[in-house]
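Student: Could you take one part of this structure and walk me through it slowly? I'd like to look at a sheet and whatever sits around it.

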Number of protein chains: 2
Amino acid sequence: MSLPYTILILFIFSTSSSYLIPLAHSKIARLGISSKTLKNEPDGSTQKVDESNLKMYYFNQTLDHFTFTPESYMTFQQRYAIDSTHWGGAKANAPILAFLGEESSLDSDLAAIGFLRDNGPRLNALLVYIEHRYYGETMPFGSAEEALKNASTLGYLNAAQALADYAAILLHVKEKYSTNHSPIIVIGGSYGGMLAAWFRLKYPHIALGALASSAPLLYFEDTRPKFGYYYIVTKVFKEASERCYNTIRNSWIEIDRVAGKPNGLSILSKQFKTCAPLNGSFDIKDFLDTIYAEAVQYNRGPNFWVAKVCNAINANPPNRRYNLLDRIFAGVVALVGNRTCYDTKMFAQPTNNNIAWRWQVCKFYF
Amino acid sequence: MSLPYTILILFIFSTSSSYLIPLAHSKIARLGISSKTLKNEPDGSTQKVDESNLKMYYFNQTLDHFTFTPESYMTFQQRYAIDSTHWGGAKANAPILAFLGEESSLDSDLAAIGFLRDNGPRLNALLVYIEHRYYGETMPFGSAEEALKNASTLGYLNAAQALADYAAILLHVKEKYSTNHSPIIVIGGSYGGMLAAWFRLKYPHIALGALASSAPLLYFEDTRPKFGYYYIVTKVFKEASERCYNTIRNSWIEIDRVAGKPNGLSILSKQFKTCAPLNGSFDIKDFLDTIYAEAVQYNRGPNFWVAKVCNAINANPPNRRYNLLDRIFAGVVALVGNRTCYDTKMFAQPTNNNIAWRWQVCKFYF
């Protein structure tokens, strides 16, 4: 299962261009079915989902599906959830909709994924949600601290192993519900969508179909456009507002110009109300390009982030004349909210998910 | 890649029945494209094949394709051979025929496999033969002694890893011959035939087709007939000669009867000219059932072993009256040849291939 992986390398190593929003040098591919940083709901309220129909289970999962050294027989508890409320039963060969978790906790997935809830009742389907190994509660080696420690423990984190996990759990679920002929449709978004598509290819005897939502399956090697990801980000801003696009485009040079002044970094720090002093202009540029990219990537109702940021950037309050960086900062406030200070490293927090995902990205494979 | 594996368990644990040739208790599934014990050519001459067109190569192969612990990055030299004599070239998109080695040395495969040699010229094909990891010269950890030592080193021997090996080498060959559009057809026999079929399923982007010759792909779990292998062995003997079949069938009880006599084992030992004293009647029965099974499994020209053994068993030399075990012994001589003594353990020699194959069988997977 050696798959091309240039999507990740692209995100990490591409050089910036004046026609594109410059690329952070330490950035991790932004996959995932919901923004980890931008709030999904208006007024910052978290989306509430009725989970009363869900039962949580833990499956005794094999650490290494492809090796048979003595260590490989270790197991861990893999979390999955089942909603059998609408299940038409084994006798009716009612279908099974299986959500394949991606690089996040099952808890956040359950809040974000509507497809199964929306379609389950109509199809009389059994709904299964499975958490990805090394995310959320599904942590080998007993704890996140141990699992995410080093290459010896992280070595078992990759897509091939994750697919084999899903195969084992789905076969277990079929047995548990005594259903031999219920078609299984696997479903995932983003990286999880890739997993769904790959699962259908690799385990055709288990899944009859796959829904690969927002899955950049063809974004590899020769099939991808150069600077493809940021090309789209730039394009979306340009289409939203040519003026906004130009302001952002000009701001990169302006940031560098200010940073080059004596005491420039502290001027920038004041301008952007950063919580900590800046080490260089890239601190601000990293922060901004991540904001723009997430705004585009999760630019859906009810927020429509791109319009929000561009409205703020384009606004000219009557009482004083905004300079270029004032406008950019207004865009930040529109997106991140009013804060006493702004943590430019907020997207690079070493959460467990980030550590695990960084491993997957840096190993150049899915 | 967790596949059912009852074919192997069947071979190992099935109990004997008076209607079937009894099953050895320590037997390993007899797969493989040529008999390891019966001579393939008349008069015991080894088949000579012109290998002057073949070039041998060694590929720097990854030990573990599915894990990323520091140890998994170890590599070993995997042997493969290429015959480019008939190759129509990359520009013509001429096909690549790739033989996927099974549980034996590439040397014996090259002698036994005619399909590529026979069809290569007509198809203007590039011919590639790849040796299976842990067989022949393709030995991880530097030597067979190290590789076959224990579960820590043997742990990397399984079909999933072997398939990934083949994928890596075939991609390498495509690159080496600068051919993007040459269709690859993978070919294998017996266990190698399973590998070919599985390769087509698992790596559809690499192989356009597979020839799975004599591959018991459906001989798993619920799809197999009970005692299927020995049922066929028995049936073939019965169809060849009812009299021969009855003689063999009666011989099991006769062997046990003689063994039960005072000094019975040494009578049996003399009767079958065994090289070493017998530990029990099962020594002889193991030896015989393996001979019968191999006779059926490799019952092809120019030898037609089953007719050979039955002719000998049915023969009644005029000068003295053969008893039942005399006849059985005549069958042994017809198959194994005239020897000063017969080693009843000859099929259980712990050759490197046997050790590796026993591991694969006992791990219950392919």
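Tutor: Let's look closely at the sheet in chain B, then step out to the contact between the chains and to one salt bridge. Keep in mind that this is a predicted model.

Start with the strands. Chain B has an open sheet of six strands, and reading across it you meet them in the order E1-E2-E4-E3-E5-E6. The pairing in this sheet is mixed. If the word "pairing" is new to you, strands of a sheet pair through backbone hydrogen bonds, and they can do that in a parallel or an antiparallel way. At the two edges of the chain B sheet sit strand E1 (54–62) and strand E6 (209–213), each of which pairs on one side only. Try looking along the sheet, too: ignoring direction, neighbouring strands are turned against each other by 25 degrees on average.

Now zoom in on one edge. Strand E5 (residues 184–189) of chain B pairs with E6(B) in the parallel sense, over five bridges. For a spot to click on, pick B:Gly188, whose bridge partner in E6(B) is B:Ala212.

Next, add the helices that pack on this sheet. Helix H3 (residues 115–123) of chain B touches strand E3 (96–100), strand E4 (126–130), E5 and E6 of that chain. The direction of H3 makes about 155 degrees with that of E4(B). Helix H6 (residues 159–176) of chain B also packs on the sheet, touching E1, strand E2 (75–83), E3, E4 and E5. Its direction makes about 55 degrees with that of E2(B).

Okay, step back to where the two chains meet. The contact takes 22 residues from chain A and 22 residues from chain B. Together the chains bury about 1800 Å², with 54% of that on carbon and sulfur atoms. Between chain A and chain B there are zero salt bridges, but nine residue pairs are in polar contact across the interface. On the chain A side, helix H5 (151–154), helix H6 (159–176) and helix H7 (191–202) each supply at least two residues. The residues on that side of chain A split into twelve nonpolar, six polar and four charged.

So where can you find a salt bridge? Over all chains the structure holds 18 of them. One joins the side chains of A:Asp256 and A:Lys285, at 3.0 Å from N to O. A:Asp256 lies in helix H9 (residues 242–260) of chain A and A:Lys285 in helix H11 (residues 281–297) of chain A, so this pair ties together parts that are 29 residues apart in sequence.

Note on methods. Residues are numbered from 1 along each chain as its sequence is written. Chains are lettered from A and ligands numbered from 1 in the order in which they are written. This is a predicted model: local features need pLDDT of at least 70, side-chain atom pairs count only at pLDDT 80 or more; totals for chains, interfaces and linings use all residues. Side-chain values use heavy atoms; hydrogens and water are left out. Contact means heavy atoms within 4.5 Å. Buried area is the accessible area (1.4 Å probe) that two parts lose on being put together, summed over both. A salt bridge is a side-chain nitrogen of Lys or Arg within 4 Å of a carboxyl oxygen of Asp or Glu. A polar contact is a pair of N or O atoms within 3.5 Å; within protein, one must be able to donate a hydrogen and the other to accept it, and residues adjacent in sequence count only if both atoms are side-chain atoms. Helices (H or I, at least four residues) and strands (E, at least two) are DSSP runs, numbered from the N terminus. Ala, Val, Leu, Ile, Met, Phe, Trp, Tyr, Cys and Pro count as nonpolar, Asp, Glu, Lys and Arg as charged, and the others, Gly among them, as polar. Two strands pair if DSSP finds at least two bridges between them. Axes are lines fitted to C-alpha atoms, for helices over the stretch in contact, and angles run from 0 to 180 degrees between N-to-C directions.
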